Amino acid sequence: THLLNVYVNETAMVEVSPGTVLAHQRVENIPQYLIERWSYDGGVTWTDALRTDIWGYPAHLLKLRDGRILCAHGYRKEPGGVRAVLSEDGGRTWDLDNVVVLRDDGGYPTSLRNSHKGWGSDVGYPVSVQLADDSILTVYYITEADGVTHTAATRWDA
């Protein structure tokens, strides 16, 4: 579905093949679902916004050595944490039946952030890298039940 009049921010991009760039964006007026856009000319022009079925924000995109695309994202509803989903077709479809739960013990409110939009969770902003042994290291910030916000990482296999 093409979307008009969406306010987006916090854009993640990955070149899935030469000249083809996928962008995932946080959107404010379609709660919590990532928006995607495509460029087929190296980022000069972009398609209309499309709503994905990936719930959460913001995203980080990474092309793995085997060609799969990884989308890691904050998950700000119970149980709050960090999730990852993979695409085997260059980001066209996502394996939502096999979402990887990297953390599900976070997202608690913190005094550093006002909870003005509902649940008031505080978790997210993941960044992933593929290590030499092909494992993935995903770093993010998280607030656990003690109310302390800190940076954490999960090393995992995709």
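Here are a few notes on the strands, a surface patch and the aromatic pairs of this predicted model.

1. Start with the open sheet. Four strands make it up, in the order β6-β7-β8-β9, and the pairing is antiparallel. At the edges sit β6 (59-63) and β9 (100-106), each with a partner on one side only. From one strand to the next, the twist averages 15°.

2. Inside that sheet, have a look at β7 and β8. Strand β7 (residues 69-75) runs antiparallel to strand β8 (residues 80-87), and seven bridges join them. If you want a spot to check the register, Ala-72 stands opposite Ala-84 in β8.

3. Next, the surface. Leu-96, Val-99 and Val-101 form a nonpolar patch there, and together they have about 210 Å² of accessible area. Val-101 belongs to strand β9, one of the edge strands. Its relative accessibility is 45%, so Val-101 counts as partly exposed.

4. Now the aromatics: the structure holds three aromatic pairs. One of them is Trp-55 with Tyr-75, an edge-to-face pair at 5.2 Å centre to centre and 65° between the planes. This pair links distant parts of the chain, with Trp-55 in strand β5 (residues 49-55) and Tyr-75 in strand β7, 20 residues apart. Both Trp-55 and Tyr-75 are buried.

5. Tyr-125 and Tyr-141 pair up as well: their ring centres are 5.7 Å apart and their planes at 20°, so this pair is stacked. Tyr-125 is in strand β10 (residues 123-130) and Tyr-141 in strand β11 (residues 136-143), so the pair ties together parts 16 residues apart in sequence. Tyr-125 counts as partly exposed because its relative accessibility is 35%.

How values were computed:
Residues are numbered from 1 along each chain as its sequence is written. This is a predicted model: local features need pLDDT of at least 70, side-chain atom pairs count only at pLDDT 80 or more; totals for chains, interfaces and linings use all residues. Side-chain values use heavy atoms; hydrogens and water are left out. Two strands pair if DSSP finds at least two bridges between them. Helices (H or I, at least four residues) and strands (E, at least two) are DSSP runs, numbered from the N terminus. Axes are lines fitted to C-alpha atoms, for helices over the stretch in contact, and angles run from 0 to 180 degrees between N-to-C directions. Patches are made of residues with over 30% relative accessible area and no salt bridge: like charges are joined within 9 Å, nonpolar side chains (Val, Leu, Ile, Met, Phe, Trp, Tyr) within 5 Å. Accessible areas come from the Shrake-Rupley method with a 1.4 Å probe; for residues, only the protein chains shown count as cover. A salt bridge is a side-chain nitrogen of Lys or Arg within 4 Å of a carboxyl oxygen of Asp or Glu. Buried means under 20% relative accessible area, exposed over 50%, partly exposed in between (1.4 Å probe, protein chains only). Rings of Phe, Tyr and Trp (its six-membered ring) pair if their centres lie within 6.5 Å; planes under 30 degrees apart count as stacked, over 60 as edge-to-face and the rest as tilted.
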